[in-house]
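Here are two short exercises to work through with the model open in your viewer. Try each task before reading its solution.

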Amino acid sequence: NIAFAITTWAEISKTFRDYPNKLSYDLYIEPNKELGKEPQQLIKLYKGAIEEIRKNDRKKIIFIAPSHIANPYYLDELNTIADDKKLNKKLMIEWHFYAAGPSKTNKKKLWTTGTDYEKKLIDDKINYAYDWCKKHHMKSWVGAVMPGNYNHGDDYSYEEQINFITYLINKLKEKNIPIAINADHQFYDYKNDTIKREEVLKAIINSWK
């Protein structure tokens with residue numbers, strides 16, 4: 001499928017090369033854990049797609065993500081691309097954490113009252129991604145954060161969600177790393193045209209002011 005994917009990206013870039021440069025190419029949002037066992041295959045996909053896109057479009061940003069569901073701790077797998085001056089032009093990193101929200105039991109994404117351990121989980125990943133990007137003269141953004149465990153019990157109070165997301169956003173702001181909240185339907189009911197979790201939404205908006 002790699003050759004097919006590369007060809008597809010070539011055709012996409014032909015179609016959209018004359019669109020405004022606000023448009024970007026996001027090659028693979030969340031490379032899975034299975035692909036993480038063969039990172040050379042992911043590199044092959046990225047290199048081929050970047051080269052084909054650049055034949056048609058040299059101006060738009062291209063996003064690549066590390067394996068293991070865009071986990072920044074696997075960014076070193078992308079060193080060969082980041083260190084290649086021909087490939088690393090208008091190239092950015094997309095990484096994810098807490099895309100399905102925090103957890104009250106999972107130690108890898110634990111959040112209860114905002115203990116030092118829980119804050120350190122957030123700080124360490126942000127610092128790791130920031131330092132890696134700085135080393136390779138790159139920028140990054142966080143493609144998905146969910147303020148609560150909406151798909152896994154939804155048992156965080158609004159206060160707990162606000163404490164979690166405002167801490168996380170403020171730490172990202174310190175490093176000038178933008179973020180996307182996962183996802184709009186969690187805050188807006190399209191069918192009834194009503195806002196959901198309004199207190200949490202307002203806290204998110206106010207955190208970026």
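**Exercise 1.** In this predicted model, find where His96 lies, decide whether His96 is buried or exposed, and list the polar contacts of its side chain with Glu30 and Glu94.

*Solution.*
1. Start with the chain: His96 sits in the loop that runs between β3 (91-95) and α6 (116-135).
2. Next, take the accessibility. The relative accessibility of His96 is 5%, and buried means under 20%, so His96 counts as buried.
3. Now look at the side chain. One polar contact, of 2.7 Å, links the side chain of His96 to that of Glu30. Another, of 2.6 Å, joins the side chains of His96 and Glu94.
4. Finally, set aside the neighbours within four places in sequence. His96 is then in contact with Ile29, Glu30, Ile69, Ala70, Asn71, Pro72, Gly143 and Ala144.

**Exercise 2.** Describe how helix α1 (residues 2-16) is placed against helix α3 (residues 39-56), and sort the residues of their contact by character.

*Solution.*
1. Begin with the axes, which come within 8 Å and cross at roughly 25°.
2. Angles under 35 degrees count as roughly parallel, so α1 is roughly parallel to α3.
3. For the handedness, α1 passes α3 in a right-handed crossing.
4. Then collect the contact residues. α1 contributes Ile2, Ala5, Ile6, Trp9, Ala10, Ser13 and Lys14; from α3 come Gln41, Lys44, Leu45, Gly48, Ala49, Glu52, Ile53 and Asn56.
5. Sorting the residues of this contact gives 8 nonpolar, 4 polar and 3 charged.

Terms used
Residues are numbered from 1 along each chain as its sequence is written. This is a predicted model: local features need pLDDT of at least 70, side-chain atom pairs count only at pLDDT 80 or more; totals for chains, interfaces and linings use all residues. Side-chain values use heavy atoms; hydrogens and water are left out. Axes are lines fitted to C-alpha atoms, for helices over the stretch in contact, and angles run from 0 to 180 degrees between N-to-C directions. Helices (H or I, at least four residues) and strands (E, at least two) are DSSP runs, numbered from the N terminus. Angles under 35 degrees count as roughly parallel, over 145 as roughly antiparallel, 65 to 115 as roughly perpendicular and the rest as oblique. A crossing is left-handed if the near helix is turned anticlockwise from the far one by less than a right angle, and right-handed if clockwise. Contact means heavy atoms within 4.5 Å. Ala, Val, Leu, Ile, Met, Phe, Trp, Tyr, Cys and Pro count as nonpolar, Asp, Glu, Lys and Arg as charged, and the others, Gly among them, as polar. Buried means under 20% relative accessible area, exposed over 50%, partly exposed in between (1.4 Å probe, protein chains only). A polar contact is a pair of N or O atoms within 3.5 Å; within protein, one must be able to donate a hydrogen and the other to accept it, and residues adjacent in sequence count only if both atoms are side-chain atoms.
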